[in-house]
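Could you walk me through this structure, starting with its cysteines and going on to its charged and nonpolar side chains? I am new to it, so a friendly tour in plain paragraphs would be welcome.

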Amino acid sequence: MVCSGTSFVVKRDIIEAAGGFVTDSLSEDYFTGIRIAAMGYQVIYLDEKLSAGLAAENIAAHVAQRLRWAQGTLQAFFIDANPLTIPGLKPIQRLAHLDGLLNWFTGLSRFGFLLMPLAYSFLGVIPLKATAAELLYFLLPYYLIQLTVFSWLNLRSRSGLLSDIYSLPWCVPLSLTVIQVMLNPFGKGFKVTPKGVKRDRFVFNSKLGLPLIILFIATAVSLWMNLSTSVMYWGSGISATDAQMIQGLSLGWIWSIYNLIMLGIALLIVVDVPNRDLYQWFKLRRVVRLEISNQTVWGMTTKISEVGAQVALTEVADLRLDSPNTATEPLPVELEMIEEKLELSGVVTEIDNSGEEASLRIMFDPLTLQEHRTLVEILFCRPGRWQRRETPSEMRSLLLLFKILLKPRLLFDRQGRS
């Protein structure tokens, strides 16, 4: 086990005995846990959800966070808290940490696998020769086993296909980061992962997308050249040498087509969808009583956030704003959640009478500390709120990927998340 900075607890006397946090690296939490374990203490993982917080909200922040983790982790080779050399760890612990260190070098191999099909056409080199029978005998079983056991080994927390897709946008920057860290481990400082960012439109991350575009075009050209070469050989008659050449190129076709599909989906991933609201709205039904326009009306919440609520009225009420569905003159309202005995004031910013029941959008006035704590407890701390989430199966992941590719959200969902 390692200490994760997001949520770990350590006894004061232990952290003092360890000399405080390890500040030699950007990953101070990771190396502090290593030093504590090396002193003979146990680092234990508690499989309970006891805290919640923000995570990276778009692909740029996701990649920036991972690159910082890569830099901080690889600095292990250059500090005293190196898990491979620090006294006190068991061989099995060192082996586990070695796996974590070497994991960051997979970006180099993933980038290499994207480049290798280009060698067939642009360099005139066939790096791998295989017949159809050999592909079925060696490659297909290996690939199927990867897909079937990957999710199981990760306790349904990751998907092999989805992990492969998400490795593409950051394999180039990760490769550069790994090389930079090994040459100059402390050349870059700490960068906080941006969170709580509003966007009112789709944003293409050109820094991540440009390498993918270049690779996509080069792979498409390479595939066309390989097909043209094969047609030329077939048109002029097949010799034994030509047959071996075409057999080698056939693997290049499969490889190129696979990379083109993956790169196409990865290019859609680097497009950030709109995020017009910084707050999470939860589907939560609570009975509420509203005092509004000198009327007392009853309703049921359909969505609640830290700043407002969506309420479906359960009785007819004569409520209007100055203009339909527009908050030119918001209506003051007093809202009481009966079950939680929580009273809040706010304004009605929108009235929707299109359905069978009128629906109100209410924004709360600034909350007192106690009101905010109570609301946070309702939203985040109620029993059953944090369920264990599992990734979809590999077959369902494949269907989702094709759905994304055939029906891009950029074209078919212009509104994005609200």
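Let us begin with disulfides, keeping in mind that this is a predicted model. A disulfide calls for two cysteine sulfur atoms within 2.5 Å of each other, and by this rule the count is zero. Two of the cysteines are still worth a look for their surroundings. Cys171 has a relative accessibility of 1%, so it counts as buried. Cys381, at 51%, counts as exposed, because the cut-off for exposed is over 50%.

From here we can turn to charge. Side chains of opposite charge can pair when their charged atoms come close. In this model there are four salt bridges, and we can visit some of them in turn.

One of them joins Asp47 and Arg388, whose closest N and O atoms are 2.9 Å apart. Asp47 sits in the loop between helix H2 (28–38) and helix H3 (59–74), while Arg388 belongs to the loop between helix H11 (369–380) and helix H12 (394–406), so this pair ties together parts that are 341 residues apart in sequence. As for their surroundings, Asp47 is partly exposed, with 45% relative accessibility, and Arg388 is exposed, at 55%.

Another salt bridge links Asp164 with Arg110, and here the closest N and O atoms are 2.8 Å apart. Asp164 is part of helix H8 (residues 160–183) and Arg110 is part of helix H5 (residues 106–115), so the contact ties together parts that are 54 residues apart in sequence. Both Asp164 and Arg110 are buried.

Next come Arg286 and Glu340, whose side chains meet in a salt bridge with an N to O distance of 2.8 Å. Arg286 is found in the loop between strand E2 (271–272) and strand E3 (287–292), and Glu340 in the loop between E6 and strand E7 (342–352), so this pair ties together parts that are 54 residues apart in sequence. Arg286 counts as buried, at 15% relative accessibility, whereas Glu340 is partly exposed, at 24%.

Some charges gather with others of their own sign. On the surface, Glu291, Glu334, Glu343 and Asp365 form a patch of negative charge. If you would like to locate one member, look for Glu334 in strand E6 (residues 331–337). Its relative accessible area is 44%, so Glu334 is partly exposed.

The surface also has a nonpolar patch, of about 1100 Å². Its members are Phe122, Leu123, Val125, Phe204, Leu210, Ile213, Ile214, Ile217, Val221, Trp224 and Met225. Which helix gives the most to the nonpolar patch? That is helix H9 (residues 206–235), with seven residues. Leu123, by contrast, is located in the loop between helix H6 (118–122) and helix H7 (132–153). With a relative accessible area of 64%, Leu123 is exposed.

For a last stop, let us look at Asn259, in helix H10 (residues 240–269). Is Asn259 buried or exposed? Its relative accessible area is 1%, and buried means under 20%, so Asn259 is buried. The C-alpha atom of Asn259 is separated by 9.1 Å from that of Leu215, although the two residues are 44 residues apart along the chain.

Conventions: Residues numbered from 1 in each chain as written. Predicted model: local features only at pLDDT ≥ 70, side-chain atom pairs only at ≥ 80, totals over all residues. Heavy atoms only, no water. Buried < 20%, exposed > 50% of the residue type's maximum accessible area, 1.4 Å probe, protein only. Patch = residues over 30% accessible without salt bridge, like charges linked within 9 Å, V, L, I, M, F, W, Y side chains within 5 Å. Areas by Shrake-Rupley, 256 points an atom, 1.4 Å probe, with all protein chains shown as cover. Lys, Arg positive; Asp, Glu negative; His and termini not counted. Charge placed at Lys NZ, Arg CZ, Asp CG, Glu CD. Helix = DSSP H or I, 4+ residues; strand = E, 2+ residues; numbered from the N terminus.
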